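Please walk me through this protein model, beginning with a pair of helices that pack together and ending with the overall fold.

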Amino acid sequence: MADLIQDFEAYLLLERSLSTNTSAAYLIDARHLLDFLGERGLTPQTVREEDLHELLATLHDIGISPRSQARMIAGIRAFFKFLRLEKYIDTDPSELLESPRLPRHLPDVLTIEEIDAMIAAIPQGKDESLRNEAIIETLYGSGLRVSELIDVRISRINLDDRLMIVEGKGSKQRMVPMSPASVDLIREYLPQRARQTIKPAGEDVLFLNRRGAPLSRVMVFYIIRDLAALAGIRKTVSPHTMRHSFATHLLEGGANLRAIQEMLGHESISTTEIYLHLDRSRLRRELLEHHPRYATPTP
């Protein structure tokens with residue numbers, strides 16, 4: 001398949017005369033497609049339209065915006081057009097593939113620069129400053145739901161291995177990689193947290209409010225919303241925006257779809273299966289290669 005991707009790259013640059021950025025995006029789309037097909041024992045010659053619809057359903061399930069889905073469909077169509085021109089296939093299964101209708105108000109995705117701006121906007125010198133920075137880096141660096149974030153337990157974090165166990169929907173637990181930035185901030189935050197008068201309900205909970213109790217979902221929403229406003233970001237920003245940005249940045253960086261699904265918790269993984277079957281090195285490799293907070297050292 002590597003030769004096929006190389007030939008597709010040459011086709012995009014020489015025959016389609018596309019920009020470098022568009023060609024790079026289409027190559028990533030083609031690799032996503034080939035990975036998806038390979039996991040199902042399919043090839044470009046045997047794939048059907050319904051298989052492509054299953055791919056689109058997967059993109060929807062992991063929270064990829066309609067605009068990003070539409071761009072990926074354009075890349076897939078370009079790939080199949082190339083395959084047909086080069087006589088690799090006789091029919092094009094993507095011909096009737098429809099792009100998702102784009103709503104007027106699209107789910108917002110933050111750029112890495114906007115996330116950095118939110119962190120820079122945190123008022124310094126306050127008791128909650130370090131906590132709030134750790135919250136942003138944990139949401140964006142691990143793709144957590146807000147319900148998972150407020151329930152993160154200290155006893156389920158391994159800072160040395162940069163891993164945490166979180167409890168998602170249906171009380172399903174999964175192991176999640178942590179970014180170097182979030183680990184460093186949590187190490188700094190823990191001594192500060194220890195100086196608080198902690199209520200019984202918050203003894204093992206990582207992120208606490210000023211009264212020593214677990215944060216609420218609403219409080220995290222206000223923290224994220226207010227920091228976005230301070231940073232001058234005009235988008236609608238919520239804790240889910242951080243998770244949505246996590247998934248979108250990984251997809252656009254070329255990460256494997258199944259790895260993104262696992263990290264987001266869209267697999268039914270029981271507590272036992274976490275230790276028996278989760279390929280931690282593979283997930284970490286996907287993050288190191290494709291997530292800005294892992295691929296680029298944080299100053």
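In this predicted model, one place to begin is where R243, F246, A247, L250 and L251 of helix α10 touch L257, I260, M263 and L264 of helix α11. By residue type, this contact between α10 and α11 is made up of eight nonpolar residues, no polar ones and one charged one.

Two packed helices are described by the angle between their axes and the distance between the axes. Here α10 covers residues 239–253 and α11 covers residues 257–264, and their axes come within 10 Å and cross at roughly 160°. Angles over 145 degrees count as roughly antiparallel, so α10 and α11 are roughly antiparallel to each other. The crossing of these two helices is right-handed.

Another helix to look at is α6, which takes in residues 129–142. Its 14 residues, at 1.5 Å a residue, should span 20 Å, and the C-alpha atoms at its ends are indeed 20 Å apart, so the expected span and the modelled one agree. Helix α6 is mostly covered, with 13 of its 14 residues buried. Just after this helix comes G143, which has a positive phi of about 70°.

Within α6 lies T138. Is T138 buried or exposed? Its relative accessibility is 1%, and buried means under 20%, so T138 counts as buried. Which residues surround T138, once its neighbours within four places in sequence are left aside? They are G143, L144, L149, M164, S182, I186 and F207, each in contact with T138. G143 thus appears twice in this account: it is in contact with T138, and it takes the positive phi just after α6.

Helix α4 can be checked in the same manner as α6. This helix runs over residues 66–85, and its 20 residues should span 28 Å at 1.5 Å a residue. Its end C-alpha atoms are 28 Å apart, which agrees with that expectation. Just after α4, K87 adopts a positive phi of about 70°.

These helices belong to a protein whose secondary structure comes to 14 helices and three strands. The protein has 299 residues, of which 49% count as buried. How much of its contact network links residues 24 or more positions apart? Among contacts with a separation of 6 or more, such pairs account for 63%.

Key. Residues are numbered from 1 along each chain as its sequence is written. This is a predicted model: local features need pLDDT of at least 70, side-chain atom pairs count only at pLDDT 80 or more; totals for chains, interfaces and linings use all residues. Side-chain values use heavy atoms; hydrogens and water are left out. Helices (H or I, at least four residues) and strands (E, at least two) are DSSP runs, numbered from the N terminus. The expected span of a helix is 1.5 Å times one less than its number of residues. Buried means under 20% relative accessible area, exposed over 50%, partly exposed in between (1.4 Å probe, protein chains only). Axes are lines fitted to C-alpha atoms, for helices over the stretch in contact, and angles run from 0 to 180 degrees between N-to-C directions. Angles under 35 degrees count as roughly parallel, over 145 as roughly antiparallel, 65 to 115 as roughly perpendicular and the rest as oblique. A crossing is left-handed if the near helix is turned anticlockwise from the far one by less than a right angle, and right-handed if clockwise. Contact means heavy atoms within 4.5 Å. Ala, Val, Leu, Ile, Met, Phe, Trp, Tyr, Cys and Pro count as nonpolar, Asp, Glu, Lys and Arg as charged, and the others, Gly among them, as polar.
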